[in-house]
Amino acid sequence: LAKLMAKQLEKVEVKIPVRIGEGGKLFGSVTGKDVSEALKKQHIDIDKRKIAIKGEVTGEGVYEAVIKVHPTITSTVKVNVVAG
């Protein structure tokens, strides 16, 4: 079941609107909580503590979030950060 879920999550892409300040700099940060809330809108319930964003989100673009589906199984979700 966890493997199936991981495979399905790999097809998922979430869009996270953020505030962009002067010079295209990100206002605040994008966290596992933001990804968790964006997934909830797609009826996918994942605990924010199981989500880690790869690298630092510095502005608009596509990033990857690693989701721990099971202690030994992880999946990657595309996180599209857009000015909102």
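**A four-stranded sheet and its helices**

In this predicted model, Lys-68 of one strand stands opposite Thr-74 in S4. Here strands (E, at least two residues) and helices (H or I, at least four residues) are DSSP runs, numbered from the N terminus. Residues are numbered from 1 along each chain as its sequence is written. Because the model is predicted, local features need pLDDT of at least 70 and side-chain atom pairs count only at pLDDT 80 or more, while totals for chains, interfaces and linings use all residues; side-chain values use heavy atoms, with hydrogens and water left out.

Let's start with the sheet. Four strands make up an open sheet in the order S1-S4-S3-S2, and the pairing is mixed. Two strands count as paired if DSSP finds at least two bridges between them. S1 and S2 are the edge strands, each pairing on one side only. From one strand to the next, the twist averages 30°. For angles like this, axes are lines fitted to C-alpha atoms (for helices, over the stretch in contact), and the angles run from 0 to 180 degrees between N-to-C directions.

Now for the pairs themselves. S3 and S4 run antiparallel and are joined by nine bridges. These two strands form a hairpin, with two residues between them. His-70 stands opposite Ile-73 in S4. On the other side of S4, things go the parallel way: S1 and S4 pair in that sense over six bridges. One example is Pro-17, whose bridge partner in S4 is Val-82. S2 and S3, for their part, pair in the antiparallel sense over three bridges. Looking from S2 into S3, Ile-51 has Ile-67 as its bridge partner, and Ile-53 has Ala-65.

Next come the helices. Helix H2 packs on the sheet and touches S1, S2, S3 and S4, and its direction makes about 120° with that of S1. Helix H1 (residues 2–9) lies across S3 and S4, running at about 25° to S4.

Which residues of helix H2 are buried? In this helix (residues 32–40), they are Gly-32, Val-35, Ser-36, Ala-38 and Leu-39. Buried means under 20% relative accessible area, exposed means over 50%, and partly exposed is in between (1.4 Å probe, protein chains only). Seen down the axis of H2, the buried residues fall within an arc of 165°, so they line one face of the helix. That arc is taken from the directions from the helix axis to the C-beta atoms. The buried residues of H2 pack against S1 (13–18), S2 (51–53), S3 (61–70) and S4 (73–83). Contact, here and below, means heavy atoms within 4.5 Å.

Two of these H2 residues turn up again in the core. The largest nonpolar core has 25 residues, and Val-35 and Leu-39 are those with the most contacts inside it. H1, S1, H2, S2, S3 and S4 each supply at least two residues of this core. A nonpolar core is a set of buried Ala, Val, Leu, Ile, Met, Phe, Trp, Tyr and Cys residues joined through side-chain atoms within 4.5 Å. Leaving aside neighbours within four places in sequence, Val-35 is in contact with Val-14, Ile-16, Ile-51, Ile-53, Ala-65 and Val-79.

Ser-36, also in H2, has a polar side to its story. At 4% relative accessibility, Ser-36 counts as buried. Its side chain reaches the backbone oxygen of Ile-46 at 2.8 Å. A polar contact is a pair of N or O atoms within 3.5 Å; within protein, one must be able to donate a hydrogen and the other to accept it, and residues adjacent in sequence count only if both atoms are side-chain atoms. Leaving aside neighbours within four places in sequence, Ser-36 is in contact with Ile-46, Asp-47, Lys-48 and Ile-51.

Back in the sheet, Val-77 lies in strand S4. Is Val-77 buried or exposed? With a relative accessible area of 0%, Val-77 is buried. Not counting residues up to four places away in sequence, Val-77 touches Leu-9, Val-12, Tyr-63, Glu-64, Ala-65 and Ile-67. Val-77 and Thr-58 are 19 residues apart in sequence and 18 Å apart in space, C-alpha to C-alpha.

Finally, there is His-43, placed in the loop between H2 and S2. Most residues other than glycine have a negative phi. His-43 is not a glycine, yet has a positive phi of about 60°. At 77% relative accessibility, His-43 counts as exposed.
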